[in-house]
Amino acid sequence: MSNNSAKLTIGDESWDLEVSPGSVGPSVIDIAALYKNTGHFTYDPGFTSTASCESKITYIDGDEGTLLYRGYPIEQLANQGDFLEACYLLLYGELPTKAQKDDFVQRVTYHTMIHEQMSRFFTGFRRDAHPMAIMVGTVGALSAFYHDSTDISDPHQRMVASLRMIAKMPTIAAMAYKYHVGQPFIYPRNDLDYASNFLHMCFAVPCEEYKVNPVLARAMDRIFILHADHEQNASTSTVRLAGSSGANPFACIAAGIACLWGPAHGGANEAALNMLAEIGSVDRIPEFIKRAKDKNDPFRLMGFGHRVYKNYDPRARIMQKTTHEVLAELGIRDDPLLDVAIELEKIALNDEYFIEKKLYPNIDFYSGITLRALGFPTTMFTVLFALARTVGWIAQWKEMVEDPSQKIGRPRQLYTGYAPRDYVPISQRR
Ligand code: SDX
């Protein structure tokens with residue numbers, strides 16, 4: 001294989017395949033015409049070696065443990081910027097000027113309310129419904145209220161839909177929480193920044209004034225930045241595939257929420273905290289490490305391992321720092337689950353099984369401890385992930401819709417079922 005071509009040989013036939021370089025990271029071998037030319041499909045369940053698209057939004061180096069949003073390292077964006085600035089960057093490709101930022105914040109702020117009729121959707125759910133079930137249903141229903149931003153061929157409508165999603169997700173997420181705990185909905189406030197507004201909608205009650213703690217709001221904002229985008233993960237790929245059929249953006253985001261819910265993906269933050277609680281104390285850690293290594297035991301260390309990161313997830317490091325900041329601000333001297341998490345990480349990172357398989361903590365390992373300290377029940381953890389990831393889903397959806405070469409996604413298969421056979425009348429079946 002030369003730098004710009006690869007040779008495929010099957011039997012006595014050979015084909016040259018074009019190799020295209022990325023700006024950073026792996027090159028790709030273009031196989032788009034493979035079936036037409038060779039009559040063969042490639043086979044890659046789970047897409048471990050498959051690039052599904054070209055993108056300029058997010059880059060991950062799994063071996064180095066680096067994450068870039070439009071070329072900027074996540075550490076710099078999380079420590080120096082804020083979430084709406086990161087939203088602008090992911091959507092438009094550049095950091096905003098002061099004027100652009102102020103205009104964007106203003107546009108998002110004035111889209112935070114949802115149609116009053118939508119509040120009736122919540123009353124259809126049981127109070128103990130999982131908030132993610134409420135999110136899937138309610139976000140999918142947005143297309144029933146915002147017909148004027150569902151024509152994906154209109155750039156203006158695409159941008160309006162994008163802003164509406166970013167602006168309304170905190171309101172819907174807070175309403176899902178309030179409904180879950182049986183408290184009245186709290187309207188968004190235009191005088192609060194994005195993260196403060198979300199905390200206010202979640203934790204304010206009509207009986208008294210609720211003052212948002214700026215340290216906690218900053219932590220919430222940083223957590224949103226960490227979760228904003230992550231190249232072609234399962235839920236983003238779901239959004240792209242749904243969008244490739246021309247489905248409206250609200251329906252595509254609802255599909256992404258549904259996929260994110262899985263414990264192998266965004267549901268891992270809830271599962272990780274439940275796991276830490278099940279372990280309960282550091283002396284029980286060896287028992288669970290043993291189970292995680294046992295091929296016959298389906299148990300896995302939740303919050304550990306990653307398809308791409310074969311090094312420490314850079315977001316986990318920032319999340320761990322944020323955990324300590326939040327616990328210190330709240331005066332929580334010792335959190336037994338944090339003690340278990342820190343000891344579990346130390347033991348796992350020195351265990352040959354985890355070293356050999358390159359399993360490190362991912363973003364979900366520490367996030368649950370932080371979110372619980374902020375006052376959220378575990379059932380809300382993946383909702384917060386979905387809230388933050390909405391901008392990434394929308395940016396990736398927009399990039400796909402605006403890509404002139406995009407077409408409906410339609411993978412093939414390796415068929416190992418029956419060859420053609422004739423129908424047998426039921427009277428002749430044994
Ligand atoms: C997210 O893709 C993204 O970018 C996702 C995400 C994002 O921002 O969008 O980063 C968010 O989803 C983070 C990941 C959260 N999930 C978890 O924490 C759940 C626990 N982790 C595992 O389920 C697993 O690590 C995955 C699903 C995250 C990754 O699975 P892969 O890449 O398919 O790896 P694998 O299942 O093939 O595992 C490789 C080996 C296996 O052993 P062998 O079959 O080779 O002997 O490692 C083992 C696995 O058994 N392994 C684990 C393990 N994770 C993998 N063993 C114990 N505990 C674990 N957590």
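## Exercises on hairpins and a helix pair

In this predicted model, the hairpin of E5 and E6 has 2 residues between its strands, and Arg-70 takes a positive phi near 50 degrees there.

**Exercise 1.** Determine which strands pair with E5, in what sense, and through how many bridges.

*Solution.* Begin with strand E4 (residues 58–61), which runs antiparallel to E5 and is joined to it by 4 bridges; within this pairing, Asp-61 has Thr-66 of E5 as its bridge partner. The connection between E4 and E5 is a hairpin with 4 residues between the strands, and Gly-65 in its turn has a positive phi of about 75 degrees. Next take strand E6 (residues 72–73), which is also antiparallel to E5 and is joined to it by 2 bridges, with Tyr-69 standing opposite Tyr-72 in E6. Finally, consider the faces of E5 (residues 66–69): Leu-67 and Tyr-69 make up the covered face, whereas Thr-66 and Leu-68 lie on the uncovered one.

**Exercise 2.** Classify the mutual orientation of helices H3 and H7, and describe the residues of their contact.

*Solution.* The axes of H3 (residues 83–92) and H7 (residues 155–181) come within 12 Å and cross at roughly 150 degrees. Angles over 145 degrees count as roughly antiparallel, and H3 and H7 are therefore roughly antiparallel to each other. Their crossing is right-handed. On the H3 side, Leu-84, Cys-87, Leu-91 and Tyr-92 take part in the contact, meeting Met-159, Ser-162 and Ile-166 of H7; sorted by character, the residues of this contact comprise 6 nonpolar, 1 polar and no charged.

Note on methods: Residues are numbered from 1 along each chain as its sequence is written. This is a predicted model: local features need pLDDT of at least 70, side-chain atom pairs count only at pLDDT 80 or more; totals for chains, interfaces and linings use all residues. Side-chain values use heavy atoms; hydrogens and water are left out. Axes are lines fitted to C-alpha atoms, for helices over the stretch in contact, and angles run from 0 to 180 degrees between N-to-C directions. Angles under 35 degrees count as roughly parallel, over 145 as roughly antiparallel, 65 to 115 as roughly perpendicular and the rest as oblique. A crossing is left-handed if the near helix is turned anticlockwise from the far one by less than a right angle, and right-handed if clockwise. Contact means heavy atoms within 4.5 Å. Ala, Val, Leu, Ile, Met, Phe, Trp, Tyr, Cys and Pro count as nonpolar, Asp, Glu, Lys and Arg as charged, and the others, Gly among them, as polar. Buried means under 20% relative accessible area, exposed over 50%, partly exposed in between (1.4 Å probe, protein chains only). Two strands pair if DSSP finds at least two bridges between them.
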